[in-house]
Amino acid sequence: VIAGLLSTVDAAAAQLPPCHAPTVTADCREVYPSAAADAVVLGHDLDGDGVADQVTIRLEVDQIQQQIWPGKFMTFWVFSLPGNGMLTPARLPSPTIRVQEGDRIRIILENTHYFPHTIHLHGTIHPNAMDGVPDITQAAVLPGHAFAYEFVARHPGTFWYHCHVQPDVHVLMGLAGMLIIEAKRPHNYFHHVVIGAGRIRDVARAEREAGYDREYSLVYQDFDDRLNKIPTLYRDPLEIERAMDRDYDNARRQPDAFTLDGYSFPYTLRDTPIDVASGGKVLLRVLNAGDRVINLHTHGHHFIIMARDGYAVPEDARIIRDTVTIGPAQRVALQLRPGNDDTYASGPGVWIMHDHAEHTVTNNGISPGGDLTAIIYPGHTDKTGLPKVATSLKRFFDPDYYAGKVPVFDPAIYHEAPRPTKASA
């Protein structure tokens, strides 16, 4: 089945005219490190706006291990572009997909996993047969089979996609990614996939016209290690299924790993720092792909809530906040205005950003950790690329710190500090 679908894609690609886009090869294929050459194929420019309006993206399902904080390896399931030979671009989170309003999209799910899966295009306008709900709108895609999800990207905004087979397990194993529909513009060149989410390097034309010089895809997830380790405990898929879908009780779920774009602090500082510059405007697209409510808080900055769940907030209803609540499956678009003023920003430096539910900024119950990252201005990073801080980040990169073997405070302070005296009456 997979071979038949791919031969159709290959045959169509062979007939395509040159796309004249800087992001693709002469035969209209986008190139991604470690991905197969035909993972993303662009088709014809149907409306003469200078960019392809047919987009075919292949996704497979991979089981991976990822070190999310020093010394902590976890098992995840992710959607991924197919690999190139022994190489693979698979990582957590599943890739951010970007298309343009009006595009005809074809996402081919190649089920390379041992369980059935589907793709649900959450929040988009699409045909009922493309809704990805097993047994209701389609049969689940069995191992070794494929299914092509075809739809027109009708409404610009921030959406997401996820597996809808046993979603209480599959989504929380990592099978979720952001889906961005960009507003239609002529010659709107951009890469259609952002592996690992994070900084979006090629800001689309509509965002540039709105004054944005930087854009980020921020995917927040939470995991219960008791669930994620199950696939490593058994070799028989029947045993894995029983352990996950019958023995594991999701109602008693206890998440103990909290990630931003697949990593926890301090790795977030390397993988997803929020680099800004005074006088610019930054667009933060935020997806809560986890099972908790997020109270996202910025230090030293107040953002403007521009959109919720893919739809713009009317201009006269936009509010300025330093904390925004984002429920499971919700998306918000936030505007940062870096600089030093009386409203939006407190000036250059290193300012942290995190969920204000305090247990979510821990690793293994030890602080600081979790989804904490930083808003960083030019001149405030060291030669290693880490933010310049008042003391040192070194101990947070030591696995022993999160194993509980390194004390929070230097023991010397208890011997060297003067003892407090009683205040006089």
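# Cavities, Pockets and Strands

The volume of the second largest cavity is about 30 Å³. A cavity is defined on a 1 Å grid over the protein atoms alone as a set of points where a 1.4 Å probe fits but cannot get out; a pocket is an open set with protein on both sides within 12 Å along at least five of seven lines, and lining residues have an atom within 4 Å of a point. Grid points are joined across faces, edges and corners, and a volume is the space filled by probe spheres set on the points.

The model is predicted, so local features need pLDDT of at least 70 and side-chain atom pairs count only at pLDDT 80 or more, whereas totals for chains, interfaces and linings use all residues. Residues are numbered from 1 along each chain as its sequence is written, and side-chain values use heavy atoms, with hydrogens and water left out.

A search of the whole structure finds two cavities of 30 Å³ or more. The second largest cavity is lined by Ser80, Leu81, Pro89, Ala90, Arg91, Pro93, Pro95, Ile195 and Gly196. This lining divides into six nonpolar residues, two polar and one charged. Here Ala, Val, Leu, Ile, Met, Phe, Trp, Tyr, Cys and Pro count as nonpolar, Asp, Glu, Lys and Arg as charged, and the others, Gly among them, as polar.

The pockets come next. The largest pocket holds about 490 Å³ of space. It is lined by 23 residues, of which Glu207, Arg285, Met306, Ala307 and Ala312 are the closest to its centre. Two or more lining residues come from each of strand S8 (157-162), strand S9 (176-182), helix H3 (205-209), S15, strand S17 (303-308), strand S18 (311-312) and S21. Helices (H or I, at least four residues) and strands (E, at least two) are DSSP runs, numbered from the N terminus. By residue type, the lining of the largest pocket has twelve nonpolar, five polar and six charged residues.

The second largest pocket encloses about 330 Å³. Among its 19 lining residues, Val194, Ala197, Gly198, Arg199 and Arg201 are the closest to its centre. Strand S10 (193-194), strand S11 (198-199) and helix H6 (268-271) each contribute at least two residues to this lining, which divides into eight nonpolar, four polar and seven charged residues.

Several strands that line the largest pocket can now be followed through their pairing. Strands of a sheet pair through backbone hydrogen bonds, either parallel or antiparallel. Two strands are said to pair if DSSP finds at least two bridges between them. Strand S15 (residues 282-288) is mostly covered, with seven of its seven residues buried; buried means under 20% relative accessible area, exposed over 50%, and partly exposed in between (1.4 Å probe, protein chains only). Val282, Leu284, Val286 and Asn288 point one way from S15, while Leu283, Arg285 and Leu287 point the other way. Strand S12 (residues 214-223) runs parallel to S15 and is joined to it by seven bridges, and in this pair Leu218 has Val286 of S15 as its bridge partner. S15 also pairs with strand S21 (residues 331-336), in the antiparallel sense and over six bridges; the bridge partner of Leu283 in S21 is Gln335.

S21 has a further partner in S17, with which it pairs in the antiparallel sense over four bridges. Gln335 appears here again, as the bridge partner of Ile304. Ile304 also stands opposite Ile320 in S19, and S17 pairs with strand S19 (residues 320-321) in the antiparallel sense over two bridges. S17 is mostly covered, five of its six residues being buried. S17 and S18 form a hairpin with two residues between them, and Asp309 in the turn has a positive phi of about 50 degrees. Within this hairpin, Arg308 stands opposite Tyr311 in S18.

A further group of strands forms an open sheet of five, in the order S14-S23-S22-S16-S20, with mixed pairing. Strand S14 (274-275) and strand S20 (323-326) are at the edges with a single partner strand each, so one side of each has no neighbour in the sheet. Strand S16 (residues 294-298) and strand S22 (residues 350-355) run antiparallel and are joined by three bridges, with His354 in S22 the bridge partner of His297.

The last stop is a residue in a loop. Thr118 lies between strand S5 (104-110) and strand S6 (120-122), and it counts as buried because its relative accessibility is 0%. Its side chain reaches the backbone oxygen of Gly132 at 2.6 Å, and a polar atom of the side chain lies 3.2 Å from the backbone nitrogen of His164. A polar contact is a pair of N or O atoms within 3.5 Å; within protein, one must be able to donate a hydrogen and the other to accept it, and residues adjacent in sequence count only if both atoms are side-chain atoms. Beyond residues up to four places away in sequence, Thr118 touches residues including Phe79, Leu109, Pro134, Tyr149 and Val165, where contact means heavy atoms within 4.5 Å.
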